[in-house]
Amino acid sequence: MGSKGRWIGIVFGLFALVCLFATYDFSRGRTTDTDSALIAEVLTASRAKECGRDATEIAARYFPVGMGRAEAEQLLAQTVIRAPKPWFWTPIDENSTAADGDSIEALRTIKITAFGNQLLRLYLGFEGGKLNKLAAEVVCRFE
């Protein structure tokens, strides 16, 4: 049989491999599961860990100027992901919408990792019930 030190080394090596896999796998995040074409396109354009990336051009394809407020709110409600089912951490899905008069600011989680989230921040300004201003960016939150 092998020596006690050899067995300790093998167990330690296997533990290190499991930790390496888990850290690598969950630091890049699971593939985001979504039915939202907006989220899918933003993630495709920002595969790298880009924080502060301007996503207004992409969001403008889904929220064109002149779109009605009710239609925009309905599209925002559909802009969600299904959180991953990890085995050693609890995902935090941060979705919020704040309406203030003729503007809506929405925050949608687009990617969840064990070390933080990527979020899409949307600002929609309305005039006369129609979309007049749009701004969007990808932001990161680290836990």
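Student: Does L20 count as buried or exposed, and at what relative accessibility?

Tutor: This is a predicted model, so every value here is computed from predicted atoms. The cut-off for exposed is over 50% relative accessible area. L20 has 58% relative accessibility, so L20 counts as exposed.

Student: Where is L20 in the chain?

Tutor: L20 sits in helix α1, residues 4-28.

Student: Which residues form a nonpolar patch on the surface with L20?

Tutor: W7, I10, L14 and L17 join L20 in that patch. Together the five have about 540 Å² of accessible area.

Student: Now the inside. How many residues does the largest nonpolar core have?

Tutor: A core is made of buried nonpolar residues whose side chains touch. The largest one here has 25 residues. L38, F63, L120, L122 and L124 have the most contacts inside it.

Student: Which elements give two or more residues to this core?

Tutor: Three helices do: α2 (37-45), α3 (56-62) and α4 (69-78). Strands β5, β6 and β7 (130-142) do as well.

Student: What is L38 in contact with, leaving aside its neighbours within four places in sequence?

Tutor: L38 is in contact with I58, A59, Y62 and F63. It also touches T79, L120 and L122.

Student: Why is strand β5 largely enclosed by the rest of the structure?

Tutor: Count its buried residues. Buried means under 20% relative accessible area. In β5, residues 103-113, 10 of the 11 residues are buried, so the strand is largely enclosed.

Student: In which sense do β4 and β5 pair, parallel or antiparallel?

Tutor: Look for bridges between the two strands. β4, residues 96-100, pairs with β5 in the antiparallel sense over 5 bridges. One example is T97, whose bridge partner in β5 is A106.

Student: How many residues lie between the strands in the hairpin of β4 and β5?

Tutor: That hairpin has 2 residues between its strands. Check the backbone there too: G101 takes a positive phi near 65 degrees.

Student: Over how many bridges do β5 and β6 pair?

Tutor: β5 and β6, residues 116-127, pair over 10 bridges, in the antiparallel sense. I104 has L124 as its bridge partner in β6. A hairpin through 2 residues joins β5 to β6.

Student: On to charges. How many salt bridges does the structure hold?

Tutor: A salt bridge sets a Lys or Arg nitrogen close to an Asp or Glu oxygen, within 4 Å. The structure holds 7 of them. In one, D35 pairs with R82, and the closest N and O atoms are 3.3 Å apart. This pair links distant parts of the chain, 47 residues apart. D35 is in the loop between β1 (33-34) and α2, while R82 is in strand β3, residues 81-82. D35 is exposed at 68% relative accessible area. R82 is partly exposed at 40%.

Student: Where do R69 and E73 both lie?

Tutor: Both lie in helix α4, 4 residues apart, about one turn of the helix. Their closest N and O atoms are 3.1 Å apart in a salt bridge. E73 is partly exposed, at 37% relative accessibility.

Student: What does R121 form with E137?

Tutor: They form a salt bridge, with the closest N and O atoms 3.0 Å apart. R121 lies in β6 and E137 in β7, so the pair ties together parts 16 residues apart in sequence. R121 is partly exposed at 30% relative accessible area, and E137 is partly exposed at 27%.

Student: Which residues do salt bridges that share partners join into one network?

Tutor: E41, E57 and R61 are joined that way.

Technical notes: Residues are numbered from 1 along each chain as its sequence is written. This is a predicted model: local features need pLDDT of at least 70, side-chain atom pairs count only at pLDDT 80 or more; totals for chains, interfaces and linings use all residues. Side-chain values use heavy atoms; hydrogens and water are left out. Buried means under 20% relative accessible area, exposed over 50%, partly exposed in between (1.4 Å probe, protein chains only). Two strands pair if DSSP finds at least two bridges between them. A nonpolar core is a set of buried Ala, Val, Leu, Ile, Met, Phe, Trp, Tyr and Cys residues joined through side-chain atoms within 4.5 Å. Contact means heavy atoms within 4.5 Å. Patches are made of residues with over 30% relative accessible area and no salt bridge: like charges are joined within 9 Å, nonpolar side chains (Val, Leu, Ile, Met, Phe, Trp, Tyr) within 5 Å. Accessible areas come from the Shrake-Rupley method with a 1.4 Å probe; for residues, only the protein chains shown count as cover. A salt bridge is a side-chain nitrogen of Lys or Arg within 4 Å of a carboxyl oxygen of Asp or Glu.
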